[in-house]
Amino acid sequence: MKRTVLASLETTDGTQCVDLFVRADGTFGFEHYRADLDGAGRWQSLNRYSHLSFVTGDEALRVAKARLPWLDPRTVWRW
């Protein structure tokens with residue numbers, strides 16, 4: 001299913017990020033990525049969370065913050 005990334009939040013050292021997205025059906029989700037070990041600047045999906053579905057972006061962000069401790073708890077949903 002097609003999804004549109006609404007925000008990509010990265011660690012300060014650039015080794016991890018989380019994409020928050022909306023699917024074509026209007027549900028929201030997120031996925032955790034890590035920087036490719038070869039240093040080519042690519043991101044590798046860890047395929048842990050993209051199957052989760054949320055009614056709102058706020059809910060997706062709340063769960064992402066609960067599961068990814070490096071996310072700043074003060075981060076808010078802004079689009």
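Here are some exercises with worked solutions on the predicted model shown above.

**Exercise 1. Take stock of the protein**

Task: Find which secondary structure elements the protein has and the order in which they run from the N terminus.

Solution:
- Start with the inventory: the protein has one helix and four strands.
- Now follow the chain from its N terminus, and the elements come in the order β-β-β-β-α.
- The helix, α1, covers residues 57–67.
- As for the strands, β1 spans 3–10, β2 spans 16–23 and β3 spans 28–35, while β4 spans 43–45.

**Exercise 2. Judge the overall form**

Task: Work out what the radius of gyration of the protein says when set beside that of a compact globule.

Solution:
- For 79 residues, a compact globule would have a radius of gyration near 12 Å.
- The protein has 12 Å, so the value agrees with that of such a globule.
- Along the principal axes, the C-alpha atoms fill a box of roughly 35 × 30 × 20 Å.
- Turning to burial, 35% of the 79 residues are buried.
- The protein exposes about 5100 Å², and 51% of this comes from carbon and sulfur atoms.
- Finally, take the contacts between residues at least 6 apart in sequence: 34% of them join residues at least 24 apart.

**Exercise 3. Put the sheet together**

Task: Determine in what order the strands lie in the sheet, and which of them are the edge strands.

Solution:
- Go pair by pair. β1 and β2 are antiparallel and share seven bridges.
- Within this pair, Arg3 has Arg23 of β2 as its bridge partner, and Ser8 stands opposite Asp19.
- β2 and β3 are also paired in the antiparallel sense, over seven bridges; here Phe21 stands opposite Gly29 in β3.
- β3 and β4 pair in the antiparallel sense over three bridges, and Arg34 faces Gln44 of β4.
- Put the pairs in a row and you get an open, antiparallel sheet with the order β1-β2-β3-β4.
- β1 and β4 each pair on one side only, which makes them the edge strands.
- On average, neighbouring strands of the sheet are turned by 35° against each other, direction ignored.

**Exercise 4. Look at the two hairpins**

Task: Say how many residues lie between the strands of each hairpin, and which glycine in each turn has a positive phi.

Solution:
- In the hairpin of β1 and β2, five residues lie between the strands, and Gly14 in the turn has a positive phi of about 75°.
- In the hairpin of β2 and β3, four residues lie between the strands, and Gly26 in the turn has a positive phi of about 90°.
- β2 takes part in both hairpins. Seven of its eight residues are buried, so β2 is largely enclosed by the rest of the structure.

**Exercise 5. Find the two sides of the helix**

Task: Explain why the buried residues of α1 lie on the same side, and find what they pack against.

Solution:
- List the buried residues of α1: Gly57, Ala60, Leu61, Val63 and Ala64.
- They cover an arc of only 165° around the axis, so they sit on the same side of α1.
- A general rule helps here: an α-helix has 3.6 residues a turn, so residues three or four places apart point the same way.
- Arg62 and Ala66, on the other side of α1, are exposed.
- The partners of the buried residues are β1, β2 and β3.
- α1 lies across these three strands and runs at about 40° to β3.

**Exercise 6. Compare two residues**

Task: Decide whether Trp43 and Asn47 are buried, partly exposed or exposed, and find what each touches.

Solution:
- Trp43 belongs to strand β4, and Asn47 to the loop between β4 and α1.
- Trp43 has a relative accessible area of 34%, so it is partly exposed.
- Asn47 reaches 61%, and therefore counts as exposed, the cut-off being over 50%.
- Setting aside residues up to four places away in sequence, Trp43 touches Glu10, Gly14, Thr15, Gln16, Cys17, Tyr33, Arg34 and Ala35.
- With its neighbours within four places left out, Asn47 is in contact with Glu31 and His32.
- For a sense of distance, Asn47 and Ala24 are 23 residues apart in sequence and 19 Å apart in space, C-alpha to C-alpha.
- Trp43 and Asp25 are 18 residues apart along the chain, and 25 Å separates their C-alpha atoms.

Definitions and conventions
Residues are numbered from 1 along each chain as its sequence is written. This is a predicted model: local features need pLDDT of at least 70, side-chain atom pairs count only at pLDDT 80 or more; totals for chains, interfaces and linings use all residues. Side-chain values use heavy atoms; hydrogens and water are left out. Buried means under 20% relative accessible area, exposed over 50%, partly exposed in between (1.4 Å probe, protein chains only). The arc is that of the directions from the helix axis to the C-beta atoms. Contact means heavy atoms within 4.5 Å. Two strands pair if DSSP finds at least two bridges between them. Axes are lines fitted to C-alpha atoms, for helices over the stretch in contact, and angles run from 0 to 180 degrees between N-to-C directions. The radius of gyration is taken over C-alpha atoms; the globule rule is 2.2 Å times the number of residues to the power 0.38. Accessible areas come from the Shrake-Rupley method with a 1.4 Å probe; for residues, only the protein chains shown count as cover.
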